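Visitor: I'd like a close look at a single part of this model, and at what surrounds it. Please explain each term as we go.

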Amino acid sequence: MTVRSDNLEALMQQALTGDQAAYAKVLHATAQLLRPFLSKRLLFANDVDDVLQEILVSIHKARHTYDGQRPFTPWVYAIAKFRLQDYLRSHYADDIKHAVDIADLENDLSEDVTETGITYESISGEVAKLPEKQAAILQLIHQEGYTAKEVAAKLGMNESAVKVAAHRAYKVLRKRLEET
Amino acid sequence: MKDIDDLIGQLAQEGGAVKPAPHPITLSLKWMALSAAYLLVLLLVSGVRNELAAAFEHPWFAIEVALLVAMFIATSVSAALLSFPDMYQMRRAVWMPMAVFGVFACVLFMAWRADIPPAPLPVHGFECTLAILMVALLPGTWLLYAMRKLASTHYQWAGSIALLHAFSVGALWLRLQENNDSILHVLQWHYLPMIGFGILGLWVGKLILKW
């Protein structure tokens, strides 16, 4: 279902009068409009979904600030940018809070996991349960043989971020394997 | 994708009729009317300076008061626009207080240069800042409360402009009430603290207007 952007103003005006079907159409069209915008700015599909959900809830909360007398899409994008910045700010603040000493990472990454009798294949089930980003990094490093630097280039991240994500993944895996 | 569809379904069900917020110009006129009424009541209670008519014959004083009124209007319009996520797509008008402030600073500088010999400094000092603060509390509180009902995406800036509006009410009241011609005194105890409170508004906005 594609709604022309010039119809969105009219649909939103209907939605404000309590027309639930029109409101659902507006929200669907908005989600379609924003998905590529978010995909360009966020690396992983589940991040895109999370932020998109937050934006839709924000649009719902702020819908009384739209009166149908001005273009709809700049109003939507203003909210989308606001929520995206909020998300990125808290995401990076969290990264800094949980930052790990790079020296520790070098030790972890130099360990050869195959020497411990554990192969990537034997723990791939556990790896698949990790967050999407961490699983992708481990797969690229241990199954496909890329270096952290190559993984960083491939995923559009910086090398330190790849090492930090890998380190976190190792910690989670270690804990899970110790429990089993 | 299913989560998004579920969410849309849920939001659509909750989406009853909503009364759109008034146009920002209507909102700012309402806010200005309330602030002006408050200022008028204050002046009626406290009285105006006894040589007010004579003071207005001094061009620098008349320009200063006119610019304070311009600041009062500009901050009200800007606060109303900043309360909308997209600034009602009138981004340029949001900058009005900065332009007024620039002219105001130039006028104060020229008034200071023209103050020869300097008018005597009053014996009081921080009491003026305190009085402006007390007067600004009420308009500041209700303006932030009114803005909170909308949805600012520039909440820090919005908080700062809201406090500047409230302090322009306080500054206007004191300028019309106090028998004082010292430009140095008004700079030090009226307008510099006002800038300080404008900066404090960045934090207040984050605290109150974030949604």
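Guide: Let's start with a term for how two helices pass: a crossing is left-handed if the near helix is turned anticlockwise from the far one by less than a right angle, and right-handed if clockwise. This is a predicted model, in which local features need pLDDT of at least 70 and side-chain atom pairs count only at pLDDT 80 or more, while totals for chains, interfaces and linings use all residues. Residues are numbered from 1 along each chain as its sequence is written, with chains lettered from A and ligands numbered from 1 in the order in which they are written.

Our part is helix 8 of chain B, which covers residues 155-177. Its chain has nine helices and zero strands (DSSP runs numbered from the N terminus: H or I of at least four residues for helices, E of at least two for strands). Along its principal axes, the C-alpha trace of chain B spans about 75 × 30 × 25 Å. Of the 211 residues in chain B, 38% are buried (20 or more other C-beta atoms, placed from the backbone, within 10 Å of their own).

One partner of helix 8 of chain B is helix 7 of chain B, residues 126-148. These two pack at an angle of about 135°, with axes 7 Å apart (axes are lines fitted to C-alpha atoms over the stretch in contact, and angles run from 0 to 180 degrees between N-to-C directions). Helix 7 and helix 8 of chain B are therefore oblique to each other (under 35 degrees is roughly parallel, over 145 roughly antiparallel, 65 to 115 roughly perpendicular, and the rest oblique). Their crossing is right-handed. Among the residues making this contact are A136(B), P139(B) and G140(B) of helix 7 of chain B, along with A162(B), A166(B), F167(B) and G170(B) of helix 8 of chain B (contact means C-beta atoms, placed from the backbone, within 7 Å). By class, the residues of this contact are 19 nonpolar, three polar and no charged (Ala, Val, Leu, Ile, Met, Phe, Trp, Tyr, Cys and Pro are nonpolar, Asp, Glu, Lys and Arg charged, and the others, Gly among them, polar).

Now look at another partner, helix 4 of chain B, residues 59-82. Here the angle with helix 8 of chain B is about 155° and the axes are 9 Å apart. Helix 4 and helix 8 of chain B are therefore roughly antiparallel, and helix 4 of chain B passes helix 8 of chain B in a left-handed crossing. Where they meet, helix 4 of chain B offers residues including F72(B), T75(B) and A79(B), while helix 8 of chain B brings, among others, A162(B), H165(B) and R175(B). This contact has 15 nonpolar, five polar and one charged residues.

Helix 8 of chain B also belongs to a bigger picture. The largest nonpolar core (buried Ala, Val, Leu, Ile, Met, Phe, Trp, Tyr and Cys residues joined through C-beta atoms within 7 Å) has 78 residues, of which I79(A), A162(B) and F167(B) touch the most other members. Helix 8 of chain B gives the largest share of this core, 13 residues. Beyond its neighbours within four places in sequence, F167(B) is in contact with I132(B), A136(B), M194(B) and F197(B). A second, separate core of 12 residues includes I137(A) and V151(A).

Finally, step back to the two chains: 29 residues of chain A are in contact with 24 residues of chain B. On the chain A side, helices 1, 2, 3 and 4 each supply at least two of the touching residues. That side divides into 16 nonpolar, eight polar and five charged residues.
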